[in-house]
Amino acid sequence: MIKRFELIAPCHFGLESVLKQEIIDLGYDVSKVEDGRVTFIGDDEAICRANIGLRTAERILIKVGSFHAETYEELFEGTKALLWEEYIPVDGKFWVTKAASIKSKLFSPSDIQSIMKKAMVERLKQVYHVNWFCEEGSKFPVRVFLMKDIVTVGLDTTGESLHKRGYRRHLSSMPAVKAPIAENLAAAMLLLTPWKKDRILVDPFCGSGTILIEAALLAANIAPGIKRGYTALKWEHLIDKQTWDDCYEEAREEVDTSVQVEIQGFDIDPEMIALSKQNMRLAGVESMIHVETRPISQLSHSGKYGFLVTNPPYGERLGEKEDIPLLYKELGERFKLLDTWSLYMITSYENAQKDIGRKADKNRKIYNGMIKTYYYQFMGPKPPKRD
């Protein structure tokens, strides 16, 4: 009998609808959409395919259960009542890696984590008839959300967040680099546009190349998680190795790096251009992208009906603020000359529309980490239909 799981996919606040569509496109039924997460139903193969294939999720959790708790005693008993033995073997290493609480009476993450670990131990002691756990086997990290006193408990199948595709390895050696956009947020920005691989795409503030690389992965149908591993790879009592192998192979068969695209990136900093080239090589898409050192004041393109998709400086860092108005004015002037183009831009800079000189056709509030940003969408005309 095929085991069905309730799976939870957390995401950036504001991107729930994008992730929902991705899950539907994978072929799974979405059962619930909440702030910052989407719940869907799937089997063991769904866990593998979602981890490897979803571009905008943070991770994939197996929902172990949910219950109401306003006191630590209720939290203990509710956690102890969950069927942990269905997931964690006697030698499993288990702990509550993260607790988040919103509008709930229990709000101390460390206390929530400690109480739940004790409850899990008590449950598994009774089931396995042991008094001590060696915890030398596979890892089973647990994540818990409390919302209005409802506790939702999930087992993390992913490990390192899904935004870590495995191609961006060089940033630690360059501490001066501006904070890059997360890969899953860059992918969401692209999925929120009508851009397709036969249209021009330019990022005039390309930084370490994340938006460009995510565009190339989309164009070549390269699954974002194809080059990395997952915590659940070791859970052979729940997901056998062959299922993982089949899902990786399915993803590899879909890849088409021969696709013809025009993806370009510019940045004023030559070090960032060098870094973006390294990242493109690691992602296996360097042949699909052209980057060069160029300031925003020199942005131009002879093509028609292209897309500017970008994450310009916000002015969050010291010393940046005075340069920001001019930067956005220059972007607005260059964009105006690209009269058939569209501009999609994420920023927390409050005067972005004023300095660009045009009100956005749409904007969407998205949280980039703890920073509230807006995704401004300036639509250009649609290209004429081809014969």
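Here are some worked exercises on a predicted model.

**Exercise 1: the buried side of α3**

Work out which residues of helix α3 are buried, and what they pack against.

Solution.
Step 1. Start with the helix itself, residues 72-80; L75, G78 and T79 are buried there.
Step 2. Now look down the axis of α3: the buried residues fall within an arc of 95 degrees, so they line one face of the helix.
Step 3. Next, see what these buried residues pack against: β4 (61-68), α4 (109-128) and β7 (150-156).

**Exercise 2: strand β11 and its partners**

Find which way the side chains of β11 point, and which strands pair with it.

Solution.
Step 1. Go along residues 307-310: F307 and V309 point one way from β11, while L308 and T310 point the other way.
Step 2. That fits a general pattern: in a regular strand, side chains alternate between the two faces of the sheet.
Step 3. Check burial on both sides: F307, V309, L308 and T310 are all buried.
Step 4. Take β8 (residues 201-203) next; β8 and β11 pair in the parallel sense over two bridges. V202 has L308 of β11 as its bridge partner.
Step 5. Then move to β12 (residues 342-347), which runs parallel to β11 and is joined to it by four bridges. Here Y344 of β12 stands opposite V309.

**Exercise 3: salt bridges across the chain and along a helix**

Compare the settings of three salt-bridge pairs: E6 with K63, R143 with D156, and K241 with D245.

Solution.
Step 1. Get the overall count: there are 21 salt bridges in the model. As background, side chains of opposite charge can pair when their charged atoms come close.
Step 2. Take E6 and K63, whose closest N and O atoms are 3.9 Å apart. This pair links distant parts of the chain, with E6 in strand β1 (residues 5-10) and K63 in strand β4, 57 residues apart.
Step 3. Look at the exposure of that pair: E6 is partly exposed, with a relative accessible area of 32%, and K63 is partly exposed too, with 22%. With buried meaning under 20%, neither value gets there.
Step 4. Turn to R143 and D156, which meet in a salt bridge at 3.8 Å, N to O. This one also links distant parts of the chain: R143 sits in strand β6 (residues 139-147) and D156 in strand β7, 13 residues apart. Both R143 and D156 are buried.
Step 5. Finish with K241 and D245, where the closest N and O atoms are 2.9 Å apart. K241 and D245 are four residues apart in helix α7 (residues 241-253), so about one helical turn separates them. D245 is partly exposed, at a relative accessible area of 31%.
Step 6. For a case beyond single pairs, check K32, E34 and R37, which are linked in a network of salt bridges.

**Exercise 4: the surroundings of T210**

Is T210 buried or exposed, and which residues does T210 touch?

Solution.
Step 1. Place the residue: T210 lies in helix α6 (residues 210-219).
Step 2. Read its relative accessible area, which is 3%, so T210 is buried.
Step 3. List its contacts, leaving out residues up to four places away in sequence: T210 touches Y167, R168, I181, A182, E183 and A186.
Step 4. Add a distance for orientation: from T210 to I324 is 21 Å in space, C-alpha to C-alpha, and 114 residues in sequence.

Conventions: Residues are numbered from 1 along each chain as its sequence is written. This is a predicted model: local features need pLDDT of at least 70, side-chain atom pairs count only at pLDDT 80 or more; totals for chains, interfaces and linings use all residues. Side-chain values use heavy atoms; hydrogens and water are left out. Buried means under 20% relative accessible area, exposed over 50%, partly exposed in between (1.4 Å probe, protein chains only). The arc is that of the directions from the helix axis to the C-beta atoms. Contact means heavy atoms within 4.5 Å. Two strands pair if DSSP finds at least two bridges between them. A salt bridge is a side-chain nitrogen of Lys or Arg within 4 Å of a carboxyl oxygen of Asp or Glu.
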